[in-house]
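This report goes through one protein chain, from its overall layout to single residues and side-chain pairs.

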Amino acid sequence: MKLKEILKNERENFPDYYLKYNRAVVLPFVLAFIFGPLIVLAVSIPIGIKYEEHILTFVPFIAWAAVLALFTALYVVIGKRVKKLLIADRAAELEDRFKDIPLNEAAEILRQTHVINDSGFICEDKEVFGETAVPFGEACFAFGFYVEYTKIVLNIAVGRNGSDEVSAVFALDGALYNFLIKRGFDLSGNYAFDLLINDKKKFAELLLNRKIKYFYEAFGNNEV
């Protein structure tokens, strides 16, 4: 990947304050940790040859240790503040993304985006003569979630009750979120999805801190 593409990717996926933290603290810390010993040796060897066991021989080691200690402290202290700010921002994004939408409006959006039709969830593999769908009354779900760079990515897999096969996977947007909750589907049994509904800040915190795993977990056994 070219440097221009890397920088563009960073601007699109990372908050400004996160980029500033990486460039001002994390990068110098890594460089000091990796290249510091080499620089110390390059400086200390000539001093040692000339002055032998003189105190000057140890000055580069002391300076490197001091710099490393400083950047370690900055890495930890500022890193905690940046993570808190990131969690707050991502939680606010979840609140905005999943704000309340009337059921009829949500259903119409999903019809227009070909997520549902009048009878069920549209399958990804369409038949030659028309589209197939998982009937609403036979649908079960799996909740997928992970972090891409610093962004939270959520999706819903749809299958049929009694089957292990996935019929379709949809990005979880506000319309699908409201439709699933308000249509009357049984959404119990998934801790992560329950947390997303009831405490988006806690969900963002656990996910960004890697306290919940990135996985699909089936839930729902619907008779609607």
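Read from the start of the sequence, the secondary structure elements follow the pattern α-α-α-α-β-β-β-β-β-α-α-α-β. The chain thus holds seven helices and six strands. The model is a predicted one. Of its 224 residues, 38% count as buried.

**Confidence**

The mean pLDDT of the chain is 82, and 81% of the residues reach 70 or more. Among the elements, helix α4 (residues 103-112) has the highest confidence, at a mean of 96, while strand β6 (residues 216-219) has the lowest, at 52. Where pLDDT is low, the predicted coordinates should not be read in detail.

**Helix α2 and its nonpolar patch**

Helix α2 covers residues 16-51 and contains Phe33. Ile39 has its place in α2 too. Both residues belong to a nonpolar surface patch of about 760 Å², which is made by Leu27, Val30, Leu31, Phe33, Ile34, Phe35, Leu38 and Ile39. Phe33 has a relative accessible area of 52% and is therefore exposed, the cut-off being over 50%. Ile39, at 53%, is exposed as well. Ile39 also has a spatial counterpart further along the chain: its C-alpha atom is separated by 8.4 Å from that of Pro60, 21 residues away in sequence.

**Helix α3**

Pro60 leads to helix α3, where it is one of the buried residues. How does the length of α3 compare with the span expected at 1.5 Å a residue? The helix has 39 residues (59-97) and should span 57 Å; the C-alpha atoms at its ends are 55 Å apart, so the two values agree. The helix does bend, by about 25° at Gly79. Gly79 is itself buried, and the other buried residues of α3 are Pro60, Leu68, Phe71, Val82, Leu86, Ile87, Arg90, Ala91 and Leu94. An arginine, Arg90, is thus found in this buried set.

**Helix α5**

Is helix α5 (residues 174-182) largely enclosed or largely open to the outside? Seven of its nine residues are buried, so the rest of the structure largely encloses this helix. The buried residues are Gly174, Ala175, Leu176, Tyr177, Asn178, Phe179 and Leu180. Just after α5, Gly184 takes a positive phi of about 100°.

**Salt bridges**

With a nitrogen-to-oxygen cut-off of 4 Å, the count comes to five salt bridges. Three of them are listed here.

| Side-chain pair | N to O distance |
|---|---|
| Asp100 and Lys182 | 2.5 Å |
| Arg111 and Glu108 | 3.8 Å |
| Arg111 and Asp118 | 3.2 Å |

Asp100 and Lys182 meet in a salt bridge. This pair links distant parts of the chain, with Asp100 in the loop between α3 and α4 and Lys182 in helix α5, 82 residues apart. Asp100 is exposed, at a relative accessible area of 61%. Lys182 is partly exposed, at 32%. The bridge therefore ties α5, a helix with seven of nine residues buried, to that loop through a residue outside the buried set.

Arg111 takes part in a salt bridge with Glu108 and in another with Asp118. Through these shared partners, Glu108, Arg111 and Asp118 are joined into one network. Within it, Arg111 and Glu108 both lie in helix α4, three residues apart, which is about one turn of the helix. Arg111 has a relative accessibility of 34% and Glu108 has 38%; because both values fall between 20% and 50%, the two residues count as partly exposed. Asp118, in contrast, is exposed, with a relative accessible area of 68%.

**Strand β3**

Strand β3 covers residues 139-148, and Ala139 has its place there. Is Ala139 buried or exposed? Its relative accessibility is 0%, and the residue therefore counts as buried. Ala139 and Asn161 are 22 residues apart in sequence, yet their C-alpha atoms are 6.0 Å apart in space.

Definitions and conventions: Residues numbered from 1 in each chain as written. Predicted model: local features only at pLDDT ≥ 70, side-chain atom pairs only at ≥ 80, totals over all residues. Heavy atoms only, no water. Helix = DSSP H or I, 4+ residues; strand = E, 2+ residues; numbered from the N terminus. Expected span 1.5 Å × (residues − 1). Bend = angle between axes of the 7 residues up to and from the residue. Buried < 20%, exposed > 50% of the residue type's maximum accessible area, 1.4 Å probe, protein only. Patch = residues over 30% accessible without salt bridge, like charges linked within 9 Å, V, L, I, M, F, W, Y side chains within 5 Å. Areas by Shrake-Rupley, 256 points an atom, 1.4 Å probe, with all protein chains shown as cover. pLDDT = per-residue confidence, 0-100.
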